[in-house]
Amino acid sequence: MIDPINPPGRKNPLLRTRLPASPPRPRSRTSHGFTRAAAEGRFVLQRCEACGVFAYPAREACPSCLSPDLVFVDAPRRGTLLAETTARVPSDVYFRERAPWRIGLVKMDCGPTIVTHLHADCVEGAAVRMSFQLDKSGQAVAFARPEGETPNMADDRQWREMTADPKFRRALVTNGRSVVGQEAVAALKAAGAKTVFVGVSEPWRPFAGEELLRGQQGIEVVTLDAADEKSAVDLAADIGGKVDILVNTTEYVRPGGLLDRRGTSIARDEVDQAYLGFINLAQAFGPAMRMRGADGINNSVAWVNVLSVYALANWPAFGAYSASQAACLSLSHCLRAELRPGGIKLMNLFTGPVDTEWFQTVPPPKVAPRAIAQAIVSGLRGGLEEIYVGDVAEEIRQRLAANPKALERELDR
Amino acid sequence: MNNSQRTPYDGVVMAAPVTIPYVRYSVESAQWWIGRALSALVAQAGIKAADIDGLCVSSFTMGTDSGIGLTQHFGLCVRWLDTIPLGGASAIAALRKAARAVQAHDADIVACVAGDTNHVDSFRLTLENFSRFNQDAVYPYGAGGANSSFALIARNYMRTYGITREDVGRIAIAQRANALRNPNALMKAPLTLEQYLAARPISDPIHLFDCVMPCAGAEAFLVMREETAASLGLPAARLLSTIERHNAFADDPMQVRGGWAMDVGELYAMAGVKPDDLDVVQTYDDYPVITMMQFEDLGFCKKGEGAEFVREHDLTIEGDFPHNTSGGQLSVGQAGAAGAYLGLVEGLRQVLGTAGPTQVKNASLGLASGFGMINYDRGLASGAVIFAGPSR
Ligand SMILES: [Zn+2]
């Protein structure tokens, strides 16, 4: 059983901030089948299409029948911990700084044995539940947890290295004027965040839901207009060293594509708000977050973007908006690479049309803002990189994988 | 037991066992160490470098070189060449190949050599680039090399058979006693059971004195036909039998035995001897628990009786079961791939009667084993040889 983690004390400004180190990063190309699964919180293994055998580590041919038809499929997560060891003096810098570090060998019910990181409550001879997690190098690693819930389970020291749990951390939600932003603030607070900063542009102007943010314990309204570079820089100068999780909820939704609009003024607004706003936020907050990736219990851990699923496939009815989201998605991959040396996760949450005023004419199903907020928290707790919220987003993900041309034609309706 | 159709090693001998004394760190390259070993071979055998017409090389730290680059580097013109990347099983594998080469007259004098340097970062670089499974599925877990992988194997093996750290420690302590007589051993201080037990943990149940010290060094010997050795006037040891096995017992969930267990009957049958007949035994001791496993798998006792075996025998030079007489890798040091050769080279000196301060009296029949390549969760390569000195 593990003790709950304690809230971090006030930081001694004279102490040097521990710089982030990365666990070993190289992987074979085939092994990135696990990276893909870990990004979405799935547990996969290679299975031979010819003889049905499960294999691990990643192979190019079946060890049972030599067939090359090995496919990554969702696999049963249950296994038994055969043996464990605690590494006291690892040669790798990342692990040396975090020693003692516990690993084990798990025999999966479905066949293979897996070298794995261990949750502290895993016991030799007992059943474990396996997952692939993204470690601080952004690569997939196996992680074994006890089969059932144990007290303070999420506080496990090694588990917390793999996740971005809001507990005791400080978050910035960038847009408190939106319902999604307000729900995100509430969900992060409920998940144990120590402080949630919430950005509001021109905060003297009243807005709906204001009472949910003002005067609440642990919620601080701050002035932020992401589209304004100076505003972002000013806020970062104030709280940049205290943002452990940044949730970019910027939303700027306008209907229309190309030919039914005149000129570029709306498109320019879309780009200003979503794309350049993202750049302003990244440049203002990214460097400090990357520096603080190993800064104790409340180290900086994650950047979250709430994106439209139409970033992945253009929806002509909201065609220019879709394009602005695609630009943000592309930029997010750049930011992910640049935050990676700090061990900061970049999580993209893809949603279908949200139940807000700008999608008023769109028929259901639509996504409730609260569902997005809950998905943000569960994604952070699971250490995920990609989340699809709602039926529309999930359907587009699947149809895109099946046939992008069919999806393109069918979105043109 | 022996239904083998294998051709006997009639007429194959080994000569000129060479050790280039180890150092903890070296600014020299692996090629430098290998060159020193070749030079020592030539000097000890009283031949010219041009007489070497076969070369077999093992090294982790040669960079982009393999055996072929070394031929030009050292001015050797050979008609038989091999590079063996089998870690701790390299010496046995090299000997097997070289033996068949000289037997078939593909070559007359084969130099088998292993050498590695040890810069301050070589050990880490070797670990990082060890194998694909290691890169994908072991190294990212902070195992920092073999320690944690062997710790898992050791923990399971010790629990399964009720083996204590005291039992395992006897092996390390006996080897340290042997090493104190070997001026080339890097470990110079005596080791008591109390010190062994009190050592700091590295990766439970592996503690400090269960681990080898990486270092730089080289080892080598010559393989030739009996008549070649006679014409050169070289004292030589006859090769009686060998075994080699890779990826054995893949269905064992965890490693509790090595490939030796699959072939041990053939090892003794081919040599025409019994385990009791051996005068000196050199096991591959990257960890003492792996040596205990070999005592079982090589037929000195049954599976699960390794602890009892070491309690009942004296493993020192003067003891009733002289084992790893130079001090082994645990006390001499592990010079990369040369670690695979250390036991065999010392074994050859023993049966040739040239072991000097570590000499076992009247040793004439020896066994050396190899083990290597923790590719993922277990050591994959194993091998063993039995050889006899001129007095037998
Ligand atoms: Zn198959």
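**Exercise 1.** At 7% relative accessibility, does B:Phe309 count as buried or exposed? Place the residue in its secondary structure and list its contacts that are remote in sequence.

*Solution.* The model is a predicted one.
1. The cut-off for a buried residue is under 20% relative accessible area.
2. B:Phe309 has a relative accessibility of 7%, and therefore counts as buried.
3. The residue belongs to helix α12 of chain B, which covers residues 306-312.
4. When neighbours within four places in sequence are set aside, B:Phe309 contacts B:Phe295, B:Phe300, B:Cys301 and B:Phe321.
5. B:Asp167 is 142 residues from B:Phe309 in sequence, and their C-alpha atoms are 9.3 Å apart in space.

**Exercise 2.** Identify the donors of the zinc ion, and determine the geometry of the site and the parts of the chain that the site ties together.

*Solution.*
1. Coordination is by the SG atoms of A:Cys48, A:Cys51, A:Cys62 and A:Cys65, at 2.3 to 2.4 Å.
2. Along the chain, these donors have the spacing C-x2-C-x10-C-x2-C.
3. A:Cys48 is part of strand β1 (residues 44-48) of chain A, whereas A:Cys65 sits in the loop between β2 (54-55) and β3 (70-74) of chain A, so the pair ties together parts 17 residues apart in sequence.
4. Four donors are classed as tetrahedral if all angles lie between 85 and 135 degrees.
5. The angles subtended by the four donor atoms are 104 to 117 degrees, and the arrangement is therefore tetrahedral.
6. With 2% relative accessibility, A:Cys48 counts as buried; with 36%, A:Cys65 counts as partly exposed.

**Exercise 3.** Classify the packing of α10(A) and α11(A), and describe the residues in contact.

*Solution.*
1. In chain A, helix α10 (residues 390-402) packs against helix α11 (residues 404-411) at an angle of about 130 degrees, and the axes are 6 Å apart.
2. This angle makes α10(A) oblique to α11(A).
3. From α10(A), the residues A:Ile396, A:Arg399, A:Leu400 and A:Ala402 meet A:Pro404, A:Leu407 and A:Glu410 of α11(A).
4. The contact comprises five nonpolar, no polar and two charged residues.

**Exercise 4.** Which residues of helix α1 (residues 32-40) of chain A are buried, and what covers them?

*Solution.*
1. The buried residues are A:Gly33, A:Phe34, A:Thr35, A:Ala37, A:Ala38 and A:Ala39.
2. Their cover includes β1, β3, β7 (127-134), β8 (140-146) and β15 (386-389) of chain A.
3. Just after α1(A), A:Gly41 adopts a positive phi of about 80 degrees.

Conventions
Residues are numbered from 1 along each chain as its sequence is written. Chains are lettered from A and ligands numbered from 1 in the order in which they are written. This is a predicted model: local features need pLDDT of at least 70, side-chain atom pairs count only at pLDDT 80 or more; totals for chains, interfaces and linings use all residues. Side-chain values use heavy atoms; hydrogens and water are left out. Donors are N, O and S atoms within 2.8 Å of the metal (3.2 Å for Na, K and Ca); water is not among the atoms, so sites may look incomplete. Four donors count as tetrahedral if all angles lie between 85 and 135 degrees; four count as square planar and six as octahedral if opposite donors are over 155 degrees apart and all others between 65 and 115; anything else is irregular. Helices (H or I, at least four residues) and strands (E, at least two) are DSSP runs, numbered from the N terminus. Buried means under 20% relative accessible area, exposed over 50%, partly exposed in between (1.4 Å probe, protein chains only). Axes are lines fitted to C-alpha atoms, for helices over the stretch in contact, and angles run from 0 to 180 degrees between N-to-C directions. Angles under 35 degrees count as roughly parallel, over 145 as roughly antiparallel, 65 to 115 as roughly perpendicular and the rest as oblique. Contact means heavy atoms within 4.5 Å. Ala, Val, Leu, Ile, Met, Phe, Trp, Tyr, Cys and Pro count as nonpolar, Asp, Glu, Lys and Arg as charged, and the others, Gly among them, as polar.
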